[in-house]
Number of protein chains: 2
Amino acid sequence: MRVTEFPEKNLKDYIDISDPKVLEEIEEISKKLKGLRVVHVNATNFGGGVAELLYTIVPLMRSVGIDTKWEVMEAPSEFFNITKKLHNALQGAKLKISDDEWESYMKVNKENSKKLELDADIIVIHDPQPAAIPYLSNINSHLIWRCHIDLSSPNEIVWNEFSKFLKTYEKMLFHTEEYFPEDFKEISIEFPPSIDPLSEKNFEMSKKEILEVIKRFSIPNKPTLTVVARFDPWKDLFSAIDVYRMVKKYSDIQLLIVSAMANDDPEGWIFFEKVLRYAGLDDDIKFLTNLIGVGSREVNAIQRYSTLGLHTAIKEGFGLVVSEMMWKGNPVVARPAGGVKMQVDDGENGFLRWDKEELAEAVMDLLKDKEKRTVFGIKGKEKVRRNFLVTSHLLRYLKVFHELIS
Amino acid sequence: MRVTEFPEKNLKDYIDISDPKVLEEIEEISKKLKGLRVVHVNATNFGGGVAELLYTIVPLMRSVGIDTKWEVMEAPSEFFNITKKLHNALQGAKLKISDDEWESYMKVNKENSKKLELDADIIVIHDPQPAAIPYLSNINSHLIWRCHIDLSSPNEIVWNEFSKFLKTYEKMLFHTEEYFPEDFKEISIEFPPSIDPLSEKNFEMSKKEILEVIKRFSIPNKPTLTVVARFDPWKDLFSAIDVYRMVKKYSDIQLLIVSAMANDDPEGWIFFEKVLRYAGLDDDIKFLTNLIGVGSREVNAIQRYSTLGLHTAIKEGFGLVVSEMMWKGNPVVARPAGGVKMQVDDGENGFLRWDKEELAEAVMDLLKDKEKRTVFGIKGKEKVRRNFLVTSHLLRYLKVFHELIS
């Protein structure tokens, strides 16, 4: 199925925001790629990080002269039950995929290889759902597999079965090199995701607009430690509360836990309850969720109002929330999990610590030193500007395309 | 709009469940009403207690020979914003309804008086939304206003405006006599609502089925105090937790808080958070909500598994959850609010206490006396059988109809 409706995007809109060097490089390389035909294939055109990213990256590619299409798989709902299992197994879950399930997986991939319009110079296949399309059909295009999930410790049996389908790819793109699969190391490229500085979650806001949001949610005026994270066990929000409590002994701060809940996720609700009950009656711990009207724009305002970011996740695919917080000029104190290590430079734009006591010490260090916060904040924003804005992301794609067709 | 699809209902299905005397009376009186044409009018055919009730009562009326129709108003969404305000004001909220709003209210009522098929011997109008239809048209049928809301302390200005429209009614039906309006006392009838013993929330369940639910939600095997109530301030769940804590000092019990959340109710979420945080880390307080898969059937099983019901609401329209709990053979300890007083007979099938210490004492009294629990439980179930099953409700309607046409 072709996705045809896009927001207007133009590279020019990023002139005052992105790194000029990045924009120059894009100009230069895109001259060599004019008219190149690229098609992105993924599993959904709505919901989830991949679709969100494609809504930005596809129109941006077009705006630099690449003839870019976006095709979405068509499949019955059982297929997505199977690929959800596949997704979990590839991230390490101990579960089995039956022969029948593999067969259905292949059948849908085979059908989609015929249904979708894949006529292009380069095909970028996103994630495991459509990954077997090239293997099951005759395609003469250059083939890229763009993997958005954590492949650092996959379920081996499932991986052995699944990785057969990957043999036709020329390049594979992963958030961090930690996810490079042993068998495909030589064609793997470190390829972090990005944030869009023009989106509601990241665009500039006036002080007045920020304070309107802060007032609406009755957030008091005091030093503010902010965690943005879903209610899932890997985010370890209990540790965020513990760190806050250690700091609170010495300093009158507040902890804002900014989160979103999906209504169809019973495990999320169980976890939501646990965290709320762990927080107990302390008024200086505030929960700010979609349930009470916190959307992208509100997250943006809250991040801009914050003194410091905290991120206690013990496992993290990439952790773009860290870049989002740094983009607002705030240092981030975080655990060195997954892609967080690529964003936070310890002692430069934040601190990386595993231990809760040490996290608390790092928070206190920054709280009492306004100048350090300012310096860290500026460096953090620059780091994001150079590496984790969608323009850098676009450049990374163009470089891979250029390499493939040269 | 005519509601045409109904579940199958037959009075015969209630033979082994309802009070034989009630069924006999229904038989007798319905002979005199054969062919009577009745139409119910309300604001919605989906969602809410009134629609739920009509889905049972309309087919039951038909099954005893009454030619019963159900008509649902048609109106733009702004109308329902106005009637929501009207509803809140009639329950005591301090707010104003503007002249424009009254005009829209009348306009929609006037239009519906033409659109709806109101040709019948008796018209039963439910709640304030369609209440002005008879006033704004020429209707020769007998007119009943069935009010499901708490009219004990209405906003006077709004009531004065609204009550003008009520002058055409011959009878008014209220959950309890506390809600009789001074101006209409002589035509008001105490008319409690009812539960359907054949619905998922109340039908019989085998021990095996009950334990399957209990196991699914990991509910431990220990004496169980259960509150069923929405997260709204009037339910005072904080007091329920306080009462549990007082009892817990002497006795190893658990508190189950069974509740449902609507996604579009930000105030509900704020309250949900408060109650969870008030409960803190005590594992013996369990929250069982629709969010984790607790539906009607699960509520049924949990009530059947419980040792005692607790109901701490300080304001209560009627409180059918009390009858639901009593129907499962459990005594209920409750505050004597609104319709709860009609259901719980103090010292007979439960206890009525305002004070938290006294509520805790009543709970302890019943916890340590199994025989008393059994006796109270049997009496409670009988009380519901005679008064608060849908069959008694049907009989109440038939009696009013008979009185009107005699």
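Biologist: Into which domains is chain A divided?

Modeller: Happy to start there, and please keep in mind that this is a predicted model. One of the domains is built from two stretches of chain A, 2–194 and 389–405. The full division of chain A is domain 1 (2–194 + 389–405) and domain 2 (207–387).

Biologist: How many Å apart do the C-alpha centres of domain 1 and domain 2 of chain A lie?

Modeller: These two domains of chain A do touch, with 18 residues from domain 1 and 14 residues from domain 2 in the contact. Their C-alpha centres lie apart by 30 Å.

Biologist: Which three residues supply 32% of the area that domain 1 of chain A buries against domain 2 of chain A?

Modeller: Let's begin with the whole interface: the two domains of chain A bury about 1,200 Å² between them, 56% of it on carbon and sulfur atoms. On the domain 1 side, no other three residues supply more than this trio. They are D19(A), E178(A) and L389(A).

Biologist: How many salt bridges does the rule find across the interface of domain 1 and domain 2 of chain A?

Modeller: The side of domain 1 that touches domain 2 has 6 nonpolar, 7 polar and 5 charged residues. Across this interface of chain A there are also 7 residue pairs in polar contact. For salt bridges, the rule finds 2.

Biologist: Which side chain meets K315(A) in a salt bridge?

Modeller: Good one to look up in the structure. In general, side chains of opposite charge can pair when their charged atoms come close. The N to O distance for the pair with K315(A) is 3.9 Å, and a salt bridge has to be within 4 Å. The partner is D150(A).

Biologist: How many residues apart in sequence are the parts that K379(A) and E348(A) tie together?

Modeller: K379(A) and E348(A) form a salt bridge, with their closest N and O atoms 3.1 Å apart. K379(A) lies in helix 13 of chain A, whereas E348(A) lies in the loop between helix 11 and strand 12 of chain A. The pair therefore ties together parts whose separation in sequence is 31 residues.

Biologist: As by what kind of axis are the two copies related?

Modeller: Chain B can be laid on chain A by a turn of 179 degrees and a shift of 0.2 Å along the axis, with an RMSD of 0.1 Å. The two copies are thus related as by a two-fold rotation axis.

Biologist: What percentage of the contact residues of chain B recur in chain A?

Modeller: The contact takes 17 residues from chain B and 17 residues from chain A. The same surface serves both copies, and the share that recurs is 100%.

Biologist: Which residues of chain B lose the most area to chain A?

Modeller: Chain B and chain A bury about 1,500 Å² between them, 63% of it on carbon and sulfur atoms. Three residues of chain B together account for 39% of what that side buries. Those are W269(B), R277(B) and L291(B).

Biologist: Which element gives the most to the side of chain B that touches chain A?

Modeller: Between chain B and chain A there are 0 salt bridges, while 6 residue pairs are in polar contact. Two elements of chain B, helix 8 (266–279) and strand 9 (285–289), give two or more residues to this side. With 9 residues, the element that gives the most is helix 8 of chain B.

Terms used. Residues are numbered from 1 along each chain as its sequence is written. Chains are lettered from A and ligands numbered from 1 in the order in which they are written. This is a predicted model: local features need pLDDT of at least 70, side-chain atom pairs count only at pLDDT 80 or more; totals for chains, interfaces and linings use all residues. Side-chain values use heavy atoms; hydrogens and water are left out. Contact means heavy atoms within 4.5 Å. Buried area is the accessible area (1.4 Å probe) that two parts lose on being put together, summed over both. A polar contact is a pair of N or O atoms within 3.5 Å; within protein, one must be able to donate a hydrogen and the other to accept it, and residues adjacent in sequence count only if both atoms are side-chain atoms. Helices (H or I, at least four residues) and strands (E, at least two) are DSSP runs, numbered from the N terminus. Domain bounds come from an automatic or database domain assignment. Ala, Val, Leu, Ile, Met, Phe, Trp, Tyr, Cys and Pro count as nonpolar, Asp, Glu, Lys and Arg as charged, and the others, Gly among them, as polar. Copies are superposed by least squares on the C-alpha atoms of residues with pLDDT of at least 70 in both.
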